[in-house]
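Visitor: Hi! I'm new to this one and would like a quick tour. Could you show me what we are looking at?

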Amino acid sequence: QWTNRGLPPGPSPLPIIGNLWMLNFQFHHETLIQLANKYGSIFTIWAGETPVIVFSGCKAVRDALISHSQEISGRPTTPFVKEFTQGKGIAVSNGHNWRQQRYFVQMFMRKMATRTKGLEWQIQEEAQHLLEDFTSQRGRPLDPSTPIRHAVCNVTACLVFGHRFSGEDGAFQQLKRATNFVVAFNGTHWGRLYDAFPWLMCRIPGPHQKVFGHAEYIHNFVKREIRSHQKNLTEEPKDLIDFYLARISETKDDPSSTFDESNMIQVVTDIFMGSSDTISATLHWAVLYMVAYPSIQEKVQKELDNVLGRSRIIYFEDRKRLPYTNAVIHEFQRFANMASVGLARQCIRDTSIQGFLINKGTIIIANLSSALYDPEHWETPRQFNPNHFLDEEGNFVNNKAFLPFSAGHRVCLGEQQARTELFIFFTNLLRAFTFQLPEGVTEVNMDSIYGTVVQPHPYEICAFSR
Ligand code: HEM
């Protein structure tokens, strides 16, 4: 089948289901790395009757994402995505709509980054609440994911809704649960089956029957926030909804404008979904690694004490004076590999990559994990090793295979926000606490739960005040 079409090589597909059976109905990064070992750095797999071209290894991934950034800047509109977003928002929209919405949010983020009480200040505030949550446990065993997730979601809430929520707020708790369900669904085999056979799946019970209810909950939550902003309009816009409402009225006579309420709802949803599970899961991994590698934890704490002292406010700028801590943060992002294969792309015009003609409309996966674990670029790719980001003198050095946020036209829109949050939350936590396993627990489970967001298994730790 593939040779006839001139596609890159790959495993032979079965009729109707293609290669989904051998992939266990998931695009798991490890399975795709193994297939690359057999078929090369560009290969084809079949999701049902749709060919998907996979790029593997730092060189091929960079070639696709960076050298052919424009050509592969589309997003496939899968049946699930179509039903959920109606082509609106940023993360899965295309063409003029995507460009206009993305540019608008980029400008908004830049404004928030430079305000006196902007993003960094919000993160510092939320970090203090997080420290209080941990302190209140007084060293008793706790699952760190709940307070971490609450803090991360509250940073986004301040950014988009203009206010934070208490841990007891039922509607906000439900929003977090719904977001988690929708994000996770796309990475499950139910998500793959729904996209491959929507006509069949509509008739079969399973989690895909619940996902649209959760999606509706998120949209309704955002709509309620919009109504409350419309009632209490302020002179000076303070959050994303305020800025967006102002934009709708500025562009109401422009026929090329895509600014309307349905786009606003999906943009806010995209920002909320894009930021909550990603940053929380990365920090959840970070705490686990600190428990697993106490000598690394101690080294970070020593550097923080020496450079910052015990009480002053921590700024993102401080990372430049904390090379070891900065290396640890990069390494936990690399090793956790939270974004797995990244988000699928679609070719928007015929192009040739590494000698293969790739037609307009072809779906592409640039397997980000294959760059983060590429043995040609990392000394010990399968070990947690902060030295990956340090030179012999202990200075921080970056690595071109470090692509957790992807790259090119569709690079993560929240990269700057995520980096700032990871740095400020992590350094505040490690300066205030030493993390240890609860008494009697001797083993750390480092296996991951695969999904759109790769997570650790639930675990408990004790946070001892320093
Ligand atoms: C550790 C944290 C994060 C990681 C590792 C991460 C990673 C990614 C990756 C791999 C993509 C796919 C890019 C591509 O298509 O090649 C992406 C897209 C995106 N991310 Fe993030 N992300 C993180 C945090 C955030 C945050 C905080 C936001 C909120 C502003 C966000 C919003 C988005 C959006 C809107 C897109 C879609 C961009 C587009 O299609 O134009 N992400 N992210």
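Guide: Happy to help; we can start with the ligand and then turn to a threonine. Keep in mind that this is a predicted model.

Visitor: Which residues come nearest to the ligand?

Guide: Of the 27 residues around the ligand, the nearest are Arg 75, Arg 345, Ser 406, Arg 410 and Cys 412.

Visitor: What does Cys 412 do with the iron atom of the ligand?

Guide: Cys 412 is the only protein donor of that iron atom, through its SG at 2.3 Å. You'll find Cys 412 in the loop between helix 16 (368–372) and helix 17.

Visitor: And where do oxygen atoms of the ligand meet side chains, say at Arg 75 or Ser 406?

Guide: A ligand oxygen is 2.6 Å from an N or O atom in the Arg 75 side chain. For Ser 406, the distance from a ligand oxygen to a side-chain N or O atom is 2.5 Å. With Ala 91, a polar backbone atom is 3.5 Å from an oxygen of the ligand.

Visitor: Which helix gives the most to the shell around the ligand?

Guide: That's helix 13, with 6 residues. Helix 5 (95–114), helix 13 (261–292) and helix 17 (415–432) each supply at least two.

Visitor: How do the shell residues divide into nonpolar, polar and charged?

Guide: There are 15 nonpolar, 8 polar and 4 charged residues.

Visitor: New topic: where is Thr 135?

Guide: Thr 135 sits in helix 6 (residues 119–135). Its side chain reaches the backbone oxygen of Leu 131 at 2.6 Å.

Visitor: Why is Thr 135 called partly exposed?

Guide: Because its relative accessible area is 40%, which falls between the 20% and 50% cut-offs.

Key. Residues are numbered from 1 along each chain as its sequence is written. This is a predicted model: local features need pLDDT of at least 70, side-chain atom pairs count only at pLDDT 80 or more; totals for chains, interfaces and linings use all residues. Side-chain values use heavy atoms; hydrogens and water are left out. A residue is near a molecule or strand if one of its heavy atoms lies within 4 Å of it. A polar contact is a pair of N or O atoms within 3.5 Å; within protein, one must be able to donate a hydrogen and the other to accept it, and residues adjacent in sequence count only if both atoms are side-chain atoms. Helices (H or I, at least four residues) and strands (E, at least two) are DSSP runs, numbered from the N terminus. Ala, Val, Leu, Ile, Met, Phe, Trp, Tyr, Cys and Pro count as nonpolar, Asp, Glu, Lys and Arg as charged, and the others, Gly among them, as polar. Donors are N, O and S atoms within 2.8 Å of the metal (3.2 Å for Na, K and Ca); water is not among the atoms, so sites may look incomplete. Buried means under 20% relative accessible area, exposed over 50%, partly exposed in between (1.4 Å probe, protein chains only).
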